[in-house]
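Here's a quick walk through the fold and the side-chain contacts that go with it. Keep the viewer open and click along.

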Amino acid sequence: MKMDEPARKALEQIKEKKYFEGFTGRRCYLIGVSIDSRERNIREWEYEVLFVER
């Protein structure tokens with residue numbers, strides 16, 4: 001989740017820090033969310049499906 005930044009940046013952080021590594025042998029949904037601080041609402045979101053191999 002990122003505030004006032006693109007949702008794509010949140011996805012990049014998930015992949016860079018490998019938060020999904022504990023889910024080997026499974027399909028994972030990586031979800032990046034961008035929050036608008038002025039509107040206090042979700043501005044955008046993106047997802048990717050990733051199969052984490054053993």
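Helix α1 lies across β1, β2 and β3, and its axis runs at about 140° to β2. Bear in mind that what you're looking at is a predicted model.

**The sheet under the helix**

The three strands make an open sheet, ordered β1-β2-β3, with mixed pairing. The edges belong to β1 (2–3) and β3, each having a single partner strand, so one side of each has no neighbour in the sheet. What does "mixed" come down to here? On one side, β1 and β2 run parallel and are joined by two bridges. Met3 is a handy place to look, with Ile35 in β2 as its bridge partner. On the other side, β2 and β3 pair antiparallel over 11 bridges. There you can pick out Ile31, whose bridge partner in β3 is Tyr47.

β2 and β3 also form a hairpin, with four residues between them. Check the backbone at Arg40 in that turn: phi is positive there, at about 55°.

**Two residues in β2 to click on**

Start with Ser34, which sits in strand β2 (residues 26–36). Is Ser34 buried or exposed? It is buried, with a relative accessible area of 0%. A polar atom of the Ser34 side chain lies 2.6 Å from the backbone oxygen of Glu5. Leaving out residues up to four places away in sequence, Ser34 touches Lys2, Glu5, Pro6, Ala7, Asn41, Ile42, Arg43 and Glu44.

Asp36 is in strand β2 too. Why does Asp36 count as buried? Its relative accessibility is 14%, and the cut-off for buried is under 20%. Its side chain has backbone partners: a polar atom lies 2.9 Å from the backbone nitrogen of Arg38, and the side chain also reaches the backbone nitrogen of Glu39 at 3.1 Å. Setting aside neighbours within four places in sequence, Asp36 is in contact with Asp4, Asn41 and Arg43. With Arg43 there is a salt bridge as well, at 4.0 Å from N to O. The two ends of that bridge fall into separate classes, since Asp36 is buried at 14% while Arg43 is partly exposed at 43%.

**Salt bridges**

How many salt bridges does the structure hold? Six. Here are some of them, with their N to O distances.

| Acidic residue | Basic residue | N to O distance |
|---|---|---|
| Glu5 | Lys9 | 3.1 Å |
| Glu48 | Arg8 | 2.9 Å |
| Asp36 | Arg43 | 4.0 Å |

Take Glu48 and Arg8, whose side chains meet in a salt bridge at 2.9 Å. Glu48 belongs to strand β3 (residues 41–52) and Arg8 to helix α1 (residues 7–17), so this pair ties together parts that are 40 residues apart in sequence. Both ends are partly exposed: Glu48 has a relative accessibility of 23%, and Arg8 has a relative accessible area of 33%. The pair is also part of a network of salt bridges that links Arg8, Lys15, Glu46 and Glu48.

Then there's Lys9 with Glu5, where the closest N and O atoms are 3.1 Å apart. Lys9 is partly exposed, with a relative accessible area of 43%. Glu5 is partly exposed as well, at 28%. You've met Glu5 already, since its backbone oxygen lies 2.6 Å from a polar atom of the Ser34 side chain. Put together, the Glu5 side chain takes part in a salt bridge with Lys9, while its backbone oxygen is the atom facing the Ser34 side chain.

**The aromatic pair**

How many aromatic pairs are there? The count comes to one. The ring centres of Trp45 and Tyr47 are 6.0 Å apart and the planes meet at 25°, so the pair is stacked. Trp45 is exposed, with a relative accessible area of 55%. Tyr47 has turned up before, as the β3 bridge partner of Ile31. In a regular strand the side chains alternate between the two faces of the sheet.

How values were computed:
Residues numbered from 1 in each chain as written. Predicted model: local features only at pLDDT ≥ 70, side-chain atom pairs only at ≥ 80, totals over all residues. Heavy atoms only, no water. Buried < 20%, exposed > 50% of the residue type's maximum accessible area, 1.4 Å probe, protein only. Phe/Tyr/Trp six-rings, centres within 6.5 Å; stacked < 30°, edge-to-face > 60°. Polar contact = N/O pair within 3.5 Å; in protein donor to acceptor, adjacent residues only side chain to side chain. Contact = heavy atoms within 4.5 Å. Pairing = 2+ DSSP bridges. Axes fitted to C-alpha atoms, helices over the stretch in contact; angles between N-to-C directions.
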